Amino acid sequence: MVDLVSSLAQLEILCKQLYETTETGVRLQAEKALVEFTNSPDCLSKCQLLLERGSSSYSQLLAATCLSKLVSRTSNPLPLEHRIDIRNYVLNYLATRPKLAEFVTQALIQLYSRITKLGWFDCQKDDYVFRNVIADVTRFLQDSVEHCIIGVTILSQLTNEINQADTSHPLTKHRKIASSFRDSSLFDIFTLSCNLLKQASGKNLNLNDESQHGLLMQLLKLSHNCLNYDFIGTSTDESSDDLCTVQIPTSWRSAFLDSSTLQLFFDLYHSIPPSLSPLVLSCLVQIASVRRSLFNNAERAKFLSHLVDGVKRILENPQSLSDPNNYHEFCRLLARLKSNYQLGELVKVENYPEVIRLIANFTVTSLQFAPNSVHYLLSLWQRLAASVPYVKATEPHLDGLEDPLDDAGLVQQQLDQLSTIGRCEYEKTCALLVQLFDQSAQTYQELLQSTNSSTIDITVQEGRLTWLVYIIGAVIGGRVSFASTDEQDAMDGELVCRVLQLMNLTDSRLAQAGNERLELAMLSFFEQFRKIYIGDQVQKSSKLYRRLSEVLGLNDETMVLSVFIGKIITNLKYWGQCEPITSKTLHSVRKLVKLSAVQFMLNNHTSEHFSFLGVNNQSNLSDMRCRTTFYTALGRLLMVDLGEDEDQFEQFMLPLTAAFEAVAQMFSTNTFNEQEAKRTLVGLVRDLRGIAFAFNAKTSFMMLFDWIYPAYMPILQRAIELWYHVPACTTPVLKLMAELVHNRSQRLQFDVSSPNGILLFRETSKMITTYGNRILTIGEVPKDQVYSVKLKGVSVCFSMLKAVLSGNYVNFGVFRLYGDDALDNALQTFIKLLLSIPHSDLLDYPKLSQSFYSLLEVLTQDHMNFIASLEPHVVMYILSSISEGLTALDTMVCTGCCSSLDHIVTYLFKQLSRSTKKRPAAMATDDRFLHIMQQHPEMIQQMLSTVLNIIIFEDCRNQWSMSRPLLGLILLNEKYFADLRNSIVNSQPPEKQQAMHLCFENLMEGIERNLLTKNRDRFTQNLSVFRREVNDSMKNSSYGVNSNDMMS
C-alpha cells in the first residue's frame, strides 16, 4: 500500500514538472517517464486511483488523457466490459464533481465521447450499450446549472467527435458510425437543444451570472455542431464557405417548416449580449443554407420570407453589428441569401425592395470596417448582378441585360462542375456538343457570307460558340478524373477538330472584326488541351492525334504546338490593345522553344509584327504594362538554349539596341519630339525590365549588364533629369534600375578583379540623388495625387537602395576610405526624402511602408554609424516611425520595426558598456547619439511600454520578433521597467497581484545584464511562459486592465 501511495505521489510530481516547469531538461525527463507510465500494464488501475486520490488537477488530466489513449488504441483493444465500466465511472465522476478544473472536465468529456464513438456498434445482450446518449445526460440536465453545462457539453463534444474522421481508424468505419448517429440520435439532440434554448430564453436568464452565461454558450455551440454536421460525408472544405449547402435529412423537415425554429434564433440574437450573438448568427448561417430540395416551392417561399424578415430586423437594429464577430457572421448570412436562393425567388419576397436598400446602405458603410468580412458582401452583390439577366424584366430589380460571360469567376465555377458531369456518359455529351456546335458553326458561316446579316445575329451566334468552346475545353480538361478509353480520346479528337476549324475561320476575319469573349474561350480551351494532351505522359498513338491527322493533317503534338504558337503570334499581332487577351496569351511554355514559330518571335519582336510594341498608336504611357510580361516570357524562352552564346544574345537585343540609339540620337539634339521620346523610352525600359526579371542566372545576366553598362546608363540618368515630374516616365525607369541592382539568385557575382559592383552602386546613387533632389522641388501636391506623383517613385527608390545595400556585392567601406561621396549622397538623399513624408503617409500606403521599413532594417543592421551621426530631429523622426510601425497591421512592417529597434538598442547598449569602461577611442558620433537618447529617454521608454503592451494585451502574431528588442529596452530602462511592472501589478485585483508579481519575477529569472545570444534566447523562452501565465491570470480576472491607462 505504501508503494502505491509513493508511486501516486511520484506521478503527481511528474505531472507538475510536465505542465509547470520552464526547465526544458526537467520537462523532457518528466514527459519520458509519463510515456513509460502510459505504456505500462497497470496504467488502467493507476489512472482510476489518480482520479480518486489525486490532489492536483494535472494528475486528473493525465489520468483522463491516458484513458483516452487506452480506449483509442487499435492493437490489443480494451474488452467491452472495461470500456462500459470506464464510461459509467466517468459519468458518475462528472456528476459528483461538477466543479472540476475546466480542462479536466473537458478531457473527461472527450474520453466519454471517444468511448461512445468507437463503441457505437458494440452489443451486449442484443443491446447497443453506447447509444443511450440522451439518457446518459438526462440526469445532468435535471440538476444544477453546473450539471446542465456538463450535460450539454457532453452532447456537443460527442456530436463534434463523431463528425470528425480519425486518422487511426478507417474512413469507412467513421462514415458508418457518423451515418448511424445521424439517423438515430442527431435530430433528437438538435430538438433537445432548441427546446432548452426556448426554455432559457423564456426565463429571463441573468447573463451576468457566469454559470448561466456558460450554459447558454454551450447550448448554442451544441445547436451549431448539429447544424454543422457532415450529413452526407462530403467533408466540406471551409475555404469554399460561400458555396456551402447544408444537406439536412428529410426527416428534419418538420423543424424547418415550423417557423418558430428560425424565429427562436432571430429572437435570441436580439436578446443576448454581443459575446454570445456570433454563435446565434453562425447557427442562422447554417439554417439559411439548408438544401433547396427540402422544401417545395411554396414552402421555400414561406421559409425565405421569414429569413428575409429576420435579416431586415437585424439591419433596422444594427447596434450589435459593431462587434467584429457579429459583423463577420452577419456578412456570411447575407452571402448565403444569394448562394442558396435564386434572385427570382428573392424579388418575390414582400419586403424585398426595402431589404435590398438596407443591404446596399450597410455595404457602403461597411467597406472600410473589416476586410475579411467584406468578401461575403461583395460575393452577394456579384451573384445578384450575375443573376440579373435571368430575372424577368417585369421585376423591379432589373437594370439592363448583362452578359454572364463577362463574369469570369462565375463562368469558371460552372465549367469546373461541367468538366466532371460532362465525362459521365461521355458518348451522349460528346454527341450533343457536336450537334450543337455544327448547328451554330453552320449558322455563323451563313451569316458571315450573307450581305444583309444583322450585327446582333452574328453576336448571338458568337456568344453560343463561345459557350461551346468553353464547355469543350472543360470536358477535355475533365479527362484527368476518369480512366479514359481510346473511344473517348477519338471523341475528344472530334471536338478539338471543330474548335481548330472555328479558330481558322475567326482568325481569317481578324483584320475586319473579332470577338474578345470568343478569343478568351479559345485560350481557355488551349490551356485545357495542353494540360491533358501535351506532355511526356501522353501516348503519341492516341486516337485523338489520329483524328487530328485525318481532318487537319496534324500528326503529333509538335504540329499542334505550332498551331498554338501561331495563335499566340496572331493574338499579339491583332489584339495588342486588348489587355485580357494579351496577358492570357503571354504564358510561356518551355517545350515550345524548338518550334519555328517561337524562333520567329525571338528573332522578330518588333512593332512590325506585334502592334502593341509600337510607340505611335499608344493612347497612354501607362498602357504598356503588358510589354514587361511579353519580354519576361521571351527572356525565359531565350534562356533555355542561350548558355554563353553572346552572338545569339546580341542578335536578340538588336531591336532594343536600335531603340536606345534612337533615344540617344534624340537627346543629342536640342529640339526633339518629346512625346515620341517618352513613348520610345518607356516602352524600352519596360521591355528591359521583363528581360532582367527573366535572366536570373549569372551568365545571362552578366551579358545584359555588359550590354547596358556603361553604354546606355547615361540615357536613363538623362531621362530622370528631364522628366522627374512625369511619373509615367520615371517610375518604369526607377523600377528597371531596382531590378538591375537586385541580386536575385546570386546573379550579381562580379569577378574579384572587377570594379563593376562599385560602379553599379555609383550609378544607383546618382539616380537616387538626381530623382530625389528634383522631386523635392515640385512643391505641394494634392492629397489624392501625392502617391502617384511623388510617393510611388520615392518607394521605388527605397526598394532600389535596399536591394543594393543588401546585395552583398559591394564593400561600402571603400567609399569613405577613398573619399568617394556616392554612399553619403545616396544616404543623405534618403534622409531628405524621408523627412518630406508625414508619418501618417508612411503607414497609409502599403508599398511605401514595406519598402521604407525593409530599408531601415538594412541601415540599422549595417550602417548604424550613419544613423548615429544624424541630427537629433532626424533621429527622433526615425524612432517615431519605428514606434508607430510596431503597432502596424502589416506583420511584415511590424517585424521589420522590431528588427530595426533591436539593432538600435543593441548599438546603444554596446556604446554605454564602452563608455563605462572609459575607452579613449570612442567616436564623437557615438557620444552624440548617446547624448540624444539621454536627452529624450521618453522615446525608448514609450517603445518599451508599446512592446510590452502588445505582448500582454494583444494577439501578438510575431512574439519571437517582439522579444528580441525587449530585453535591450529593459536593460536600458531598468527603473522605468520596474515602475511599469508595479503599475501593471497594482492594476490587478488584490488576490491576483501576487501571481502577477511572480510572473514578472519569472520573466527575468536567470537573465544576465548582457545581450549575448544565449542570454537573449533564455529571455525569449521566459517571455513565452510569461505571456501565457499573464493571459491565464487576466482571463480569470474580473477587473479587465485598461492597457492604455497603464501604458501612458
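**Rings, cysteines and a few residues up close**

Q: Hi! Where does R747 lie relative to F701?
A: R747 lies over the face of F701, at 4.0 Å from the ring centre. A charge counts as sitting over a ring if NZ of Lys or CZ of Arg is within 6 Å of the ring centre and within 35 degrees of the ring normal. Before we go on: this is a predicted model, where local features need pLDDT of at least 70 and side-chain atom pairs count only at pLDDT 80 or more, while totals for chains, interfaces and linings use all residues. Residues are numbered from 1 along each chain as its sequence is written, and side-chain values use heavy atoms, leaving out hydrogens and water.

Q: Cool. And which ring does the charged end of K176 sit over?
A: That of F121, with a distance of 5.2 Å from the ring's centre.

Q: How many aromatic pairs are there in the whole structure?
A: A search finds 33. Rings of Phe, Tyr and Trp (its six-membered ring) pair if their centres lie within 6.5 Å; planes under 30 degrees apart count as stacked, over 60 as edge-to-face and the rest as tilted.

Q: Why is the pair F525 and F526 called tilted?
A: Their ring centres are 5.6 Å apart and the planes are at 50°, so this pair counts as tilted.

Q: Is F525 buried or exposed?
A: F525 is buried, at 1% relative accessibility, and F526 is buried too, at 7%. Buried means under 20% relative accessible area, exposed over 50%, and partly exposed in between (1.4 Å probe, protein chains only).

Q: Which residues form an aromatic cluster?
A: One cluster is made of W120, F181, F187, F190, Y229, F231, W252 and F256.

Q: New topic: how many disulfides does the structure hold?
A: Zero. A disulfide here is a pair of cysteine sulfur atoms within 2.5 Å. C898 is in no disulfide, and the nearest cysteine sulfur, that of C894, is 4.6 Å away.

Q: What's a disulfide chemically?
A: A covalent bond between the sulfur atoms of two cysteines.

Q: Is C898 buried or exposed?
A: C898 is buried, with a relative accessible area of 1%.

Q: Last one: what does T105 touch?
A: Not counting residues up to four places away in sequence, T105 touches L94, L100 and I150. Contact means heavy atoms within 4.5 Å. T105 is buried, at 13% relative accessible area.
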